Amino acid sequence: MYKVLLVDDEKLFTDYLQSVIDWHAQGCEICGVAADGENALALARAQHPDVVLLDINIPLMDGLEVCRRLRAERVHCAVVIVSRSRISPTTMTSGSSRRAARRPEAKLSTSTPISRWLIRLFRF
């Protein structure tokens, strides 16, 4: 089974993800849920997840900083950055947003519902 760590400060969203996806049917289990960046790092170190589903806007440490630290500490996992904003890639006009999106730790997917995207991820 793949171990999945959910990181989002919106409990409603993490509850939704846990209930809408049949994780076991996809060969996955939720190994932890964190509401901030520091908790996410602690759980990742302790649980060694295969996948971290990570909100980019979380308290104490943003999602990109969590990614950087996971890589620096050599925590081997796939990181899927989730943003529920209404910004599309064509409206990302600021230079910092474009640079952040091109970093190796950032992957953008805008047209596919998250449950279908995750199912594809786990079938690789």
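A salt bridge here is a side-chain nitrogen of Lys or Arg within 4 Å of a carboxyl oxygen of Asp or Glu. I wrote that down before opening the model, which is a predicted one.

**Entry 1: the first salt bridge**

I looked up Lys11 and Asp15. Their side chains meet in a salt bridge, with 2.9 Å from N to O. That falls within the 4 Å cut-off, so the pair counts. Both residues lie in helix 1. They sit 4 residues apart, about one turn of the helix. I noted the general rule beside this. An α-helix has 3.6 residues a turn, so residues three or four places apart point the same way.

Are the two partners buried or exposed? I checked each. Lys11 counts as exposed, because its relative accessibility is 56%. Asp15 counts as partly exposed, because its value is 34%.

**Entry 2: the two sides of helix 1**

I stayed with helix 1, which covers residues 11–20. Which of its residues are buried? I found Phe13, Thr14 and Leu17. They cover an arc of only 95 degrees around the axis, so they are on the same side of helix 1. Then I turned to the face directed away from that buried side. It carries the exposed residues Lys11, Leu12 and Ser19. Lys11 is thus a residue I had already met, as the salt-bridge partner of Asp15.

**Entry 3: a network in helix 3**

How many salt bridges does the structure hold? The count is 4. I went on to helix 3, residues 63–72.

Arg68 and Glu65 meet there through their side chains, at 3.0 Å from N to O. They are 3 residues apart, about one turn of the helix. Arg69 also forms a salt bridge with Glu65. The closest N and O atoms of that pair are 2.9 Å apart. Arg69 and Glu65 are 4 residues apart in helix 3, again about one turn. I therefore drew Glu65, Arg68 and Arg69 as one network of salt bridges.

Next I checked how open these residues are. Glu65 is partly exposed, because its relative accessibility is 24%. Arg68 is partly exposed at 34%. Arg69 is partly exposed too, with a relative accessible area of 36%.

**Entry 4: a buried leucine**

I wanted a residue from a strand. I picked Leu54, which lies in strand 3, residues 51–55. Its relative accessibility is 0%, so Leu54 counts as buried.

What does Leu54 touch, leaving out residues up to four places away in sequence? I listed Val7, Gly63, Val66, Cys67, Val79, Val80, Ile81 and Val82. Among them, Gly63, Val66 and Cys67 fall in the range of helix 3. I also checked Leu54 against Leu64, 10 residues further along the chain. Their C-alpha atoms are separated by 9.0 Å.

**Entry 5: the whole chain**

Last, I stepped back. The protein chain has 5 helices and 4 strands. In what order do the elements run from the N terminus on? I wrote β-α-β-α-β-α-β-α-α.

Buried residues make up 37% of the 124 residues. Leu54 is one of the buried residues.

I then looked at contacts between residues at least 6 apart in sequence. Of these, 70% join residues at least 24 apart. The accessible surface of the chain comes to about 7,400 Å². Carbon and sulfur atoms account for 51% of that surface.

Key
Residues numbered from 1 in each chain as written. Predicted model: local features only at pLDDT ≥ 70, side-chain atom pairs only at ≥ 80, totals over all residues. Heavy atoms only, no water. Buried < 20%, exposed > 50% of the residue type's maximum accessible area, 1.4 Å probe, protein only. Helix = DSSP H or I, 4+ residues; strand = E, 2+ residues; numbered from the N terminus. Arc of directions from axis to C-beta. Contact = heavy atoms within 4.5 Å. Areas by Shrake-Rupley, 256 points an atom, 1.4 Å probe, with all protein chains shown as cover.
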